[in-house]
Amino acid sequence: MGWYRIAESRPENYDEMKGWFEKRTKKHIELVQKYCKEIEKYNPEKFKGLIDKGKSHDESKFKDPEIEPYIYIAWDYKCKDDKVKFDIPKEIKEKMNQATEHHVKNNDHHPEKHTNQKNNLINRENRDKPPEELIDATKMKDLDIAEMVADWLAMSEEKNSQPKSWADKNVNIRWKFTDKQKDLIYQLIDDIWE
């Protein structure tokens, strides 16, 4: 089933959904850039170049094959936050999983980009929960970890949540990190989070 089939079955409020996706994603990118600046300023020698990485954060969400499914993903999260029922069309559900897998395999700030594992990179039933198999993130560079933490801090600000709670639910549960990487993650969260 090609992308044209998705367009044929778009909901009536698709323009509203697309507008929300663009607004929400641009705001998220701005917040990631804010935290990239704070982290690079925190340790300019160790994190040199992080501000530049932040400038291209999540660009792939605005291109095929990610854009159309991410419009639905963003709307689904909005509806959950607003406690509004949203039935995802059947033909888009698998595309949402494929877009998520594409995103995490092609962006340095995601541990999945740094693993040799090919299958089961995401939980296809709930993308916010760990997949069946622990993802090996031990090859992530410090700069990529710093961008990942900036992403987590941005999400925490957006959701009015605590990044340490997210880390506790995922570090060495969803993604396998070395002790040094784990220490870096928690150090950045503790020292940067307001």
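This tour moves through a predicted model, one selection at a time.

**First stop: the main nonpolar core**

Begin by selecting I39, M148, V149, W152, F177, I185 and L188. These residues belong to the largest nonpolar core, which has 29 residues, and they touch the most other members of that core. Next, colour helices α2 (14-42), α6 (142-159) and α8 (179-192), since each of the three supplies at least two residues of this core. Which helix gives the largest share of the core? Helix α6 does, with eight residues. As a general background, nonpolar side chains in soluble globular proteins tend to be buried together.

Now select M148 alone and display what surrounds it. Setting aside neighbours within four places in sequence, M148 is in contact with H109, P111, M140, F177 and I185. Apart from the main core lies another core, made of 15 residues; Y72, F86, I88 and I92 are among them.

**Second stop: helix α8**

Select α8 and place a distance marker between the C-alpha atoms at its two ends. The 14 residues of α8 should span 20 Å at 1.5 Å a residue, and the end C-alpha atoms are indeed 20 Å apart, so expectation and model agree. Within this helix, highlight Q181, L184, I185, Y186, L188, I189 and I192, which are its buried residues. Against which helices do the buried residues of α8 pack? They pack against α2, α6 and α7 (163-170).

**Third stop: I71 in helix α4**

Move to helix α4, residues 67-82, and select I71 there. Is I71 buried or exposed? Its relative accessible area is 2%, and I71 is therefore buried, the cut-off being under 20%. Add E16 to the selection: I71 and E16 are 55 residues apart in sequence, yet their C-alpha atoms are 9.8 Å apart in space. Beyond its neighbours within four places in sequence, I71 is in contact with Y14, M17, K18 and F21.

**Last stop: R24 in helix α2**

Return to helix α2 and select R24, which lies in it. R24 has a relative accessible area of 19%; because buried means under 20%, this residue counts as buried. Show the side chains of R24 and E158 together. The two side chains make a polar contact, at 3.0 Å. Finally, display K61, M155 and E158 around R24: R24 touches these three residues when those up to four places away in sequence are not counted.

Definitions and conventions:
Residues are numbered from 1 along each chain as its sequence is written. This is a predicted model: local features need pLDDT of at least 70, side-chain atom pairs count only at pLDDT 80 or more; totals for chains, interfaces and linings use all residues. Side-chain values use heavy atoms; hydrogens and water are left out. A nonpolar core is a set of buried Ala, Val, Leu, Ile, Met, Phe, Trp, Tyr and Cys residues joined through side-chain atoms within 4.5 Å. Buried means under 20% relative accessible area, exposed over 50%, partly exposed in between (1.4 Å probe, protein chains only). Helices (H or I, at least four residues) and strands (E, at least two) are DSSP runs, numbered from the N terminus. Contact means heavy atoms within 4.5 Å. The expected span of a helix is 1.5 Å times one less than its number of residues. A polar contact is a pair of N or O atoms within 3.5 Å; within protein, one must be able to donate a hydrogen and the other to accept it, and residues adjacent in sequence count only if both atoms are side-chain atoms.
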